[in-house]
Amino acid sequence: MTQETAAATTDAVLDREETISRDELEALQLSRLQHTVAYAYDRVPLYKRKFDEAGVHPTDLRELSDLAKFPFTTKEDLRLEYPFGMFAVPQHEVARIHASSGTTGRATVVGYTKKDLADWAKLVARSLRASGVRPGMKVHNAYGYGLFTGGMGAHAGAEALGCTVIPISGGQTERQITLIQDFKPDAILATPTYLLTIADAMIKQGIDPASTSLKYAVLGAEPWTEEMRHELETTMNLKACDIYGLSEVMGPGVAGECVETQDGSHIWEDHFRPEIIDAFDPTVVLGDGEPGELVFTSLTKEALPIIRYRTKDLTRLLPGTARPAHRRMGRITGRSDDMIILRGVNLFPSQIEEIALRIPELSPHFQLELTRPEGTRMDQLTVKIERRDAVTIEGAASAAKALQQQIKIHVGSSCTVDVVEPGSLERSNGKLRRIYDMRPKG
């Protein structure tokens, strides 16, 4: 840690809830959880129906472990209640509406009261502060604005922290670079793959990405690895921290990583109760340290209380460090709906990223293509990955062989590796698509 980074972590004024004991926090959780479960039962018809069908009542929640008695909420529940059936307040109390893109089905719609928006801004501000951002800093916000929660959620949090916000949104990479050079922001908010796109574009323009004013990057909205963190920090000479959230639970700011430890995002458990379940047998609630699917229950939301929401994110819960009372999330290894099952082996894009970035000749830019050759029943995975600029054809061939071998060793499945020219693969303008499923349908 640089002297400047160390100084930035010591002048932060923490929220009281960040400093309370675990016992105090769990007492607060139980009180808020009992209120939320009763509130949802009384105000959201879906929850009354689901609780009644499961044979549970809000009064059955007497201790935190009783939460496991209650049914899950899924994305499909939100889609079935489209657009406003999940709202617990009348329309005139809804201050803002956000929604998913709906590219994989009917959009999921979420709403916020004025109090919800204030709580959201507070938690994003808490996350940014944990990641090194301080009042008075200029913050370049490259998350997309609009119905997606990322842009406006991050914007409101940065303003609540006392920062000057540059609301550039996603895309327009050349303009992003111009504004970074001219406005000299201290921090940037983006997806990790889009920050990588910006860095690559700078290099092509003859700009050294390490020479900018940026000191902190707060990155989220997609899984990323420690190897990607090292790539970005080395290339851009900054400290990169994770921020986690999803619109159904709130948006960005559900959890944030502390710059002094960079060991996973602390979940703000005064507002959310996390659980880890077995993704293949959701009746099994797993203990801390065990990997599984992350589940969240909101504790303070008014417009859209959410009970045991299955995120499909695969991770584990770890003890708190920089914020001892608040447990951390391990790195998200993938999403259960992004999992590739290749000849009986489970594989995630983040595994390929982790392995590839340990091979110096290979860049972080890759795509996974799934095919099924005609006349066969066997799926084929091709990893298309760019070589780095200075790597020769011979070096690229050697790197391809090394990646193929390492995937076989660490993942347990064979694949084809195609090392392609630098700049030939699609770049991120926000969230990057990694998997291209070209198998015959049906």
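In this predicted model, four strands make up an open sheet, lined up in the order S21-S20-S19-S22 with mixed pairing. Two of these strands sit at the edges: S21 (416-420) and S22 (435-437) have a single partner strand each, so one side of each is left without a neighbour in the sheet. Going from one strand to the next, the twist averages 20°.

Inside this sheet, strand S20 (residues 380-387) pairs with S21 in the parallel sense, and five bridges hold that pairing. To pick out one match on the ladder, Ile385 has Val419 in S21 as its bridge partner. A helix also comes into the picture here: H12 (residues 393-410) lies across S19 (362-371), S20 and S21, and its direction makes an angle of about 145° with S21.

Strand S19 is also home to Gln367. With a relative accessible area of 10%, Gln367 falls under the 20% cut-off, so this residue is buried. Setting aside neighbours within four places in sequence, what is Gln367 in contact with? The list runs to Thr382, Val383, Lys384, Leu425, Glu426, Arg434 and Tyr436. Of the elements already described, S20 covers residues 380-387 and S22 covers 435-437, which is handy when tracing those contacts on the structure.

A second open sheet has five strands, in the order S11-S10-S12-S13-S16, and here the pairing is antiparallel. The edges belong to S11 and S16 (334-335), each of which pairs on one side only.

Strand S10 (residues 272-278) is a good place to start looking at this sheet. S10 is mostly covered, with six of its seven residues buried. On one hand, S10 runs antiparallel to S12 (residues 292-298), joined by six bridges. On the other, three bridges join S10 to S11 (residues 281-286), again in an antiparallel arrangement. S10 and S11 form a hairpin, with two residues between them. Ile277 shows how a residue can be matched in both directions: its bridge partner in S12 is Glu293, while in S11 the partner is Val285.

Moving along the sheet, S12 is joined to S13 by four bridges, and these two strands also run antiparallel. Across this pairing, Val295 stands opposite Arg310 in S13. Strand S13 (residues 309-315) also contains Leu314. Is Leu314 buried or exposed? Its relative accessibility is 13%, so Leu314 counts as buried. Leu314 and Thr333 are 19 residues apart in sequence, yet their C-alpha atoms are 5.7 Å apart in space. Thr333 is in fact one of the residues that Leu314 touches, once those up to four places away in sequence are left out; the others are Ala279, Gly292, Glu293, Arg331, Ile332, Gly334, Arg335, Ser336 and Phe348. Glu293 has already turned up as the S12 partner of Ile277.

This sheet has a helix lying across it too. Helix H3 lies across S10 and S12, running at about 90° to S10. H3 (residues 22-43) also packs with helix H4 (residues 45-54): the angle is about 105°, and the axes are 5 Å apart. That angle makes H3 roughly perpendicular to H4. From the H3 side, Val37, Ala40, Tyr41 and Arg43 take part, meeting Pro45, Tyr47, Lys48, Phe51 and Asp52 in H4. Sorted by class, this contact has six nonpolar residues, three charged ones and no polar ones.

Helix H7 (residues 149-161) offers a simple length check. At 1.5 Å a residue, its 13 residues should span 18 Å, and the end C-alpha atoms are indeed 18 Å apart, so the two figures agree. Which residues of H7 are buried? They are Thr149, Gly150, Gly151, Gly153, Ala154, His155, Gly157, Ala158 and Leu161. Just after the helix comes Gly162, which takes a positive phi of about 100°.

One last residue is Ser265, found in strand S9 (residues 265-267). With a relative accessible area of 3%, Ser265 is buried. Apart from neighbours within four places in sequence, Ser265 is in contact with Asp242, Ile243, Ala255, Gly256 and Glu257, as well as with Arg327, Arg328 and Met329.

Definitions and conventions: Residues are numbered from 1 along each chain as its sequence is written. This is a predicted model: local features need pLDDT of at least 70, side-chain atom pairs count only at pLDDT 80 or more; totals for chains, interfaces and linings use all residues. Side-chain values use heavy atoms; hydrogens and water are left out. Two strands pair if DSSP finds at least two bridges between them. Axes are lines fitted to C-alpha atoms, for helices over the stretch in contact, and angles run from 0 to 180 degrees between N-to-C directions. Contact means heavy atoms within 4.5 Å. Buried means under 20% relative accessible area, exposed over 50%, partly exposed in between (1.4 Å probe, protein chains only). Angles under 35 degrees count as roughly parallel, over 145 as roughly antiparallel, 65 to 115 as roughly perpendicular and the rest as oblique. Ala, Val, Leu, Ile, Met, Phe, Trp, Tyr, Cys and Pro count as nonpolar, Asp, Glu, Lys and Arg as charged, and the others, Gly among them, as polar. The expected span of a helix is 1.5 Å times one less than its number of residues.
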